[in-house]
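Visitor: Could you take me through one part of this protein up close, helix by helix and contact by contact? I would like to follow how the pieces meet.

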Amino acid sequence: MSAAASSSTDKFSKVPPRTADLTETWAFLSPGVDHIMTNLEAGLTFPNYTNLYTATALTTLTAGANLVGSDLYHKLTEYFTIHFVPMKQAAASLQDEELLRYYAAEWTRYTTGANYLNRLFTYLNRYWVKRERDEGKKDIYQVYTLALAQWKSQFFVHIQKDNAKLAGAVLRLIERQRNGDVIDQGLVKKVVLSFVSLGLDNTDPNKECLDVYKEHFETPFIQATELYYKKESEAFLAENTVSEYLKKAEERLREEEDRVERYLHTKTRKELIAKCEDVLIRQHAQLMQDSFQKLLDYDQDEDLQRMYALLARIPDGLEPLRKRFEGHVKQAGLSAVSKIAGEGVAIDSLDPKVYVDALLEVHRKNSETVTRSFKSEAGFAASLDKACREFVNRNGATGSSSTKSPELIAKHADMLLRKTNKMAEEEDLEGALNRVMILFKYLEDKDVFQTFYTTKLSKRLIHGVSASDEAEASMISKLKEACGFEYTNKLQRMFTDMSLSKDLTDSFKERMEQNHTDMEINFSIMVLGTNFWPLNPPNHDFTIPIEIISTYERFQKYYQSKHSGRKLTWLWNYSKNELRTNYLNQKYILMTSAYQMSVLVQYNRHDTLSMDELVAATAISQDILSQVLALLVKAKILVNDEKDQYDLNPGFKSKKIRVNLNQPIKAEVKAESSDVLKAVDEDRKYVIQATIVRIMKARKTMKNQALIQEVISQISQRFAPKIPDIKKAIETLLEKEYMERVDGQKDTFAYVA
């Protein structure tokens, strides 16, 4: 309040006496009220304001205050009614922005004055108004609220009756902004917030009430928004691509969010954005979803991100995308495999590395899409996993076999973990093993992988060709983390056996040095537990050459002295030897298999031998012996000039002093795969039976179908059991009396303790 005073305010210097009637008092107060409401910028001295305040207090606190208070309240109401007459006339001739500017200016003036009046009539508010409201008269308000109620009924409603002229002007201004014009947002905010202020809750006038705002502004605003964007989106899509529309919709949604922040009530946000999402997204969702495949095919990441962000805003908007994405990934995987396993490529000759790299590339690319374009959303990650599980297990390379993929992946892991692997750094090898585990996660028949991996590990350990113990331990750790202790128990026991074998060799050598100084053969042994190593002894006889018979017998005797009762089965098909040549000018060291060694040492006593003589001397079957001899002839150690006659080559030469002759023979390679698959089938029988027994022991009784489903549920992490195999296992357990059929109950079994 300005301290400066004008001569026009001198009339407020003389306060009516306490005994003055209402007419005299109102005659004093009326010019003051009008001055505050219409001419406040001219100022009012503090003494004059105090005099006006005193007059209202004296009037309210006099005898018969209840009657006077009521009369004073009605005098104020009458004043407001008259106050609006010239305002209505002025507003009648105004339209659009001019009307809004006039309305906003008058609102500012009016509410500022009403605030001062509210303080001026403090005693009226404190005593009379409070008493009236306490008595249940909810249409009596404090002076400021009365002023708002009068603005609403006398002025606001009057303008709105004229075809919602005020709200219409606001809506047209907002439409201009949507069309790209720059508007006075402060003006819109002032008018819109006045709608909020005019909402009155009679039970609690201080509580925010949005009735007026919703009825006169929000509802028509939402309707106008719907019509505007419906028309715009249809027109835009008629002339532009879906990619362009995604940008447009994204931009429009951002603008509406900004609009709420700048000049709308925050509670409008939910309904406004929901309406925009409905018109801009849901009504065109089918069109967006239909173009999704094209965006995937051409790797349009930005558009994919936009589409994801938009469709994520509507119910079930993403589900069609997830299904399409799953189909896309599956097809990409199948196509990638078809390229490498095309016509003319024998499945058995498919390079495991090429196969694994093809699968991993599809996973990598689409995993990046999930992370980058779909923000790693769980539904898309699940679609990726589902598609990968499908094409990893069933593709052009696997045909109808469910074991081919685990076999190829296990063989790739084997190549990574061999010394011959060219991975320069340990980090590279670790990364490669992690990538193997990505595919391992998707394998349905993890037991097939386990058996092939165990077989390959046994060969690496036996032949000493592991890249490093650390790499082997790392891979076992990864498998253990993925499948549990039981899955890797055999693998860890194999390493234990290797360590024990080294100690056993050392102690045997020490004993031999003490007792047999004539022992010239450098000997090392591996004693491997039958239950842990997937190794089969040869299915034919083998005559131990006299050159090693003494060492063989001494070790047998030594081992029995330490472990009486244990039986050693010698795996000559896995043994290897080094022979030194004495018949040539240049001495060579020949690295051989036990079978090659048994053939070559025969030439210590003969220069030429026939096939029959060699079969008799070695006891090796002819089909295997012919392959052994073929390798020795190819290496030019032996000469085969006459049919079935083999001579030692006196003219043998090699650039290398150490000559490796120990190559796998075809019979062994072919047998490996079939042996593994036989072992898998055998193991599965016992796993299914053990699972059934475990379930029945816990449940006591169970129906056939429920039992089958429970078995599938428990085993599916390891392999996908076939229902006929489960039924066969049930029949076996019934025969063995682990369980029995329940009399009188169809298809129900009971556990037999």
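**Helices and rings in contact**

Guide: Let us start where two helices meet: on the helix 9 side the contact uses Tyr213, Glu218, Phe221, Ile222, Thr225, Glu226, Tyr229, Lys230 and Ser233, and on the helix 11 side Thr268, Glu271, Leu272, Lys275, Cys276, Val279 and Leu280. Please keep in mind that this is a predicted model. Helix 9 covers residues 211-239 and helix 11 covers residues 268-280; their axes lie 9 Å apart, at an angle of about 20 degrees. Angles under 35 degrees count as roughly parallel, and helix 9 and helix 11 are therefore roughly parallel to each other. The crossing of this pair is right-handed.

From here we can move to helix 10, which spans residues 242-263 and holds Lys247. With a relative accessible area of 36%, Lys247 is partly exposed. Leaving aside residues up to four places away in sequence, Lys247 touches Asp303 and Arg306. For a sense of distance, the C-alpha atoms of Lys247 and Asn115 are separated by 47 Å, and these residues are 132 apart along the chain.

Both contacts of Lys247 lead to helix 13, where Asp303 and Arg306 are among the buried residues. The others buried there are Asp301, Leu304, Met307, Tyr308, Leu310 and Leu311. Helix 13 (residues 301-311) is mostly covered, with 8 of its 11 residues buried. What do the buried residues of helix 13 pack against? Their partners are helix 10, helix 12 (285-297), helix 14 (319-340), helix 15 (352-373) and helix 16 (378-393).

Helix 10 has another neighbour in helix 7 (residues 165-178): the two pack with their axes 12 Å apart and at an angle of about 135 degrees. Helix 7 and helix 10 are therefore oblique to each other, and the crossing is right-handed. Here Ile174, Gln177 and Arg178 of helix 7 meet Arg252, Glu256, Arg259 and Tyr263 of helix 10. Arg178 also brings us back to helix 9, whose residues run from 211 to 239: Arg178 lies over the face of Tyr228, at 5.8 Å from the ring centre.

Helix 7 also packs with helix 4 (residues 96-120), where the axes come within 9 Å and cross at roughly 115 degrees. Helix 4 passes helix 7 in a left-handed crossing. Asp96, Glu97, Leu99, Leu100 and Tyr103 of helix 4 make this contact with Lys165, Leu166, Ala169, Val170, Arg172, Leu173 and Arg176 of helix 7.

Leu166 in helix 7 is worth a pause. Is Leu166 buried or exposed? At 0% relative accessibility, Leu166 counts as buried. Beyond residues up to four places away in sequence, Leu166 touches Leu99, Leu100, Tyr103, Phe156, Ile159, Gln160, Val191 and Phe195. Three of these contacts, Leu99, Leu100 and Tyr103, belong to the helix 4 side described above. Further along the chain, the C-alpha atom of Leu166 is separated by 87 Å from that of Lys678, which is 512 residues away in sequence.

Now for the aromatic rings: the structure holds 41 aromatic pairs. In one of them, Phe508 and Phe555, the ring centres are 5.2 Å apart and the planes stand at 85 degrees, so the pair is edge-to-face. Phe508 lies in helix 21 (residues 485-515) and Phe555 in helix 22 (residues 546-562), so the pair ties together parts that are 47 residues apart in sequence. Both Phe508 and Phe555 are buried.

Tyr552 and Trp572 form another aromatic pair, this one tilted, at 6.0 Å centre to centre and with 45 degrees between the planes. Tyr552 sits in helix 22, while Trp572 is in the loop between helix 22 and strand 1 (576-580), so the pair links distant parts of the chain, 20 residues apart. Tyr552 and Trp572 are both buried. Ring pairs join these four residues to others in a cluster: Phe508, Phe523, Phe542, Tyr552, Phe555, Tyr558, Tyr559, Trp570, Trp572 and Tyr595.

One more ring has a charged neighbour: Lys446 lies over the face of Phe440, at 5.5 Å from the ring centre.

Notes
Residues numbered from 1 in each chain as written. Predicted model: local features only at pLDDT ≥ 70, side-chain atom pairs only at ≥ 80, totals over all residues. Heavy atoms only, no water. Phe/Tyr/Trp six-rings, centres within 6.5 Å; stacked < 30°, edge-to-face > 60°. Helix = DSSP H or I, 4+ residues; strand = E, 2+ residues; numbered from the N terminus. Buried < 20%, exposed > 50% of the residue type's maximum accessible area, 1.4 Å probe, protein only. Lys NZ or Arg CZ within 6 Å of the ring centre and 35° of its normal. Axes fitted to C-alpha atoms, helices over the stretch in contact; angles between N-to-C directions. Parallel < 35°, antiparallel > 145°, perpendicular 65-115°, else oblique. Left-handed = near helix turned anticlockwise from the far one by under 90°. Contact = heavy atoms within 4.5 Å.
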